[in-house]
Amino acid sequence: MRLSSGFIPTVKETPTEAVIPSHQLMIRAGMVRALAAGVYAFLPLGYRALKKAMEIIRQEMDAIGAQELHLPALSPIELWEETGRVKAFGDILFHVKNRPLVLAPTHEEVICWLAKNHISSYKQMPQMWYQIQTKFRNEPRPRSGVLRGRQFLMKDSYSLDSSWQGLDVSYDLHAEAYGKIFVRCGLKFFVVGASSGAMGGTGSQEFMMESDAGEDVIAVSSDNRYAANVEIATSRVPGAPRDPESGPLKEVHTPGIRTIDEVADFLNIDQNRLAKSVVYWADETHVLVLMLGNDELNEAKLMSAMGKEVRPIEAERLLELTGAEGGSIGPVGLRERTPASKQFKIIADNRLKKANNLTSGANQNDYHLMNIDLERDCTIDGYYDLRTIQEGEESPDGGGPLRVVKGVELGHIFKLGTKYADALGAKFLDENGKEQPIIMGSYGIGVERVLACHIEQNHDENGIIWDKSLAPFMFHLISVGTKSKQVRDASEAIYQEMTAAGFEVLFDDRTDVSPGFKFKDADLLGMPYQVIVGEKNLAQGKVEIKVRKTGERIFVERERLLEYERSKVGD
Ligand code: ATP
Ligand code: MG
């Protein structure tokens, strides 16, 4: 491709609307243009890179035996009503005004519809179907370029199995393929266990890239072996101590004392002798959650423990049920207070297991109870891991202290189970002729996101630094000093030779821009090798090669140029 006639509208200045490097560089390198907020046009250079990513994804999906299909973006709204996802997606779902259709944000429903109509026996499974297709999501504030678009390409695949073991196999195949895809795309990534609570699945992992542009928060051990979304991350922290003897319950007056720090100071006791109470709604019931000291309750963990949506209780309702305000509430005698408080569930964080001589609220403003023995003085309905880990705590696998970092999700693999088959009635006959719901998995990769993440990880102050795997062109041929006929002819000949040899070459043959301008553009566009044809070197029978990544400059004999390039394409 020639830069003189090609459509690669580069921009010198950093666009003001772009905050993250990949967004800035994709605009500056003429790869994309925003048509509307979160809606991007891919221009020729951007599309070439995108196709490279799609090709790698296709090869690895084909390699695990997945079959490519292509589903429509428009989807009947009834399907989404039946699975309850019109409500679940809420504002994210794009509705069509003049027909009962939605623009699909993902395709579980449509896959399930296909399965329902065409899979009737265990003999027809397993199946793995995938597509690379446009998804629509009305993301609230898309401001990270193609990293979070309102329209984006997703590689989504789905597995259909007749057994849970079968689902494990399909899931593991995807996990392996995903690892290969991201390695081939030159991405540094890590895999995290993710919360699958509200989605009702049985297992899920996210493939993440560490980046300040990310919206997920992840705990990573210092040896990188342990990584988990903070929604489920755990750490090695000791529990509250248990004394050989439990002291007698004692009510103490604590005027105006509310927070854990205040109570610890006022009563001169250690924070790991304090049980903090927080009260939540879990659907229509109430739950009192006991946390040790200043430990932070993790709502995602609470939701998994309860198996229900949770939300903090309102202050008035709290007073009505407990007789006290936040800071003076506790587990002892709570259920006996009013007929309504009988229904209280009381659960505690694992760190409080078997704890005694604890202090907590007395369910009366300005009073606390000391010497509480959780086993003696109240009935705890269950102990769960409910706390949010903190930076610096030891990783659960002993892999060093945890760091808390931000990450972007590149891909997600998910054991859905029978949720969709149950909702849409996708059934098959098993070996015994018994009707069973089809067991599904779903697996996604954001294609533009792979590209943007690649640029996030591979750039410098001058521009993009493409890895060979995704580079739109392997070589950027630059003709320097085009006033000279010798240079023009030599670069033209080299361009012809290289394209005939099958190399991907971007040829800067422009005669109306300065060499400095061409070099700047070449660094901005970021092809792995710059082949620089200039008068001085030509006179010595040489051509200069600049390696974009290292800045290394090599002078190659004109006669041996193709040979040299061939060795670079292959290595
Ligand atoms: P996120 O938490 O980043 O919103 P998600 O959990 O909504 O992601 P999934 O529904 O699992 O994502 O979609 C599968 C993949 O599609 C994601 O791993 C991500 O790579 C990509 N993806 C999701 N939303 C977008 C978007 N708005 N723009 C670009 N890619 C996206
Ligand atoms: Mg999302």
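**View 1. Helix 1 and helix 12 are roughly perpendicular to each other in this predicted model.** The axes of helix 1 (residues 21-28) and helix 12 (residues 447-457) come within 8 Å and cross at roughly 105 degrees, where 65 to 115 degrees counts as roughly perpendicular, axes are lines fitted to C-alpha atoms over the stretch in contact, and angles run from 0 to 180 degrees between N-to-C directions. Pro 21, Ser 22, Leu 25 and Met 26 of helix 1 make the contact with Leu 451, Ala 452, Ile 455 and Glu 456 of helix 12, contact meaning heavy atoms within 4.5 Å. These residues divide into six nonpolar, one polar and one charged (Ala, Val, Leu, Ile, Met, Phe, Trp, Tyr, Cys and Pro count as nonpolar, Asp, Glu, Lys and Arg as charged, and the others, Gly among them, as polar). Helices (H or I, at least four residues) and strands (E, at least two) are DSSP runs numbered from the N terminus.

**View 2. The shell around ligand 1 draws on strand 8 (151-161), strand 21 (402-417) and strand 24 (439-446), each supplying at least two residues.** Strand 21 gives the most, with four residues, and by class the shell has five nonpolar, five polar and five charged residues. Of the 15 residues around the ligand (those with a heavy atom within 4 Å of it), Glu 139, Arg 148, Gly 149, Glu 409 and Arg 449 come nearest.

**View 3. Gly 149, Glu 409 and Gly 446 each place an N or O atom or a polar side-chain atom beside ligand 1.** A polar side-chain atom of Glu 409 lies 2.6 Å from an oxygen atom of the ligand, while a backbone N or O atom of Gly 149 lies 2.9 Å from a ligand nitrogen atom and one of Gly 446 lies 3.0 Å from a ligand oxygen atom. Taken alone, ligand 1 exposes 580 Å², of which the protein buries 83% (Shrake-Rupley method, 1.4 Å probe).

**View 4. The peptide bond from Met 125 to Pro 126 is cis, with omega near 5 degrees.** Pro 126 lies in the loop between helix 5 (108-118) and strand 7 (127-136).

**Notes.** Residues are numbered from 1 along each chain as its sequence is written, and chains are lettered from A and ligands numbered from 1 in the order in which they are written. In this predicted model local features need pLDDT of at least 70 and side-chain atom pairs count only at pLDDT 80 or more, whereas totals for chains, interfaces and linings use all residues, and side-chain values use heavy atoms, with hydrogens and water left out.

Terms used. Angles under 35 degrees count as roughly parallel, over 145 as roughly antiparallel, 65 to 115 as roughly perpendicular and the rest as oblique. A polar contact is a pair of N or O atoms within 3.5 Å; within protein, one must be able to donate a hydrogen and the other to accept it, and residues adjacent in sequence count only if both atoms are side-chain atoms.
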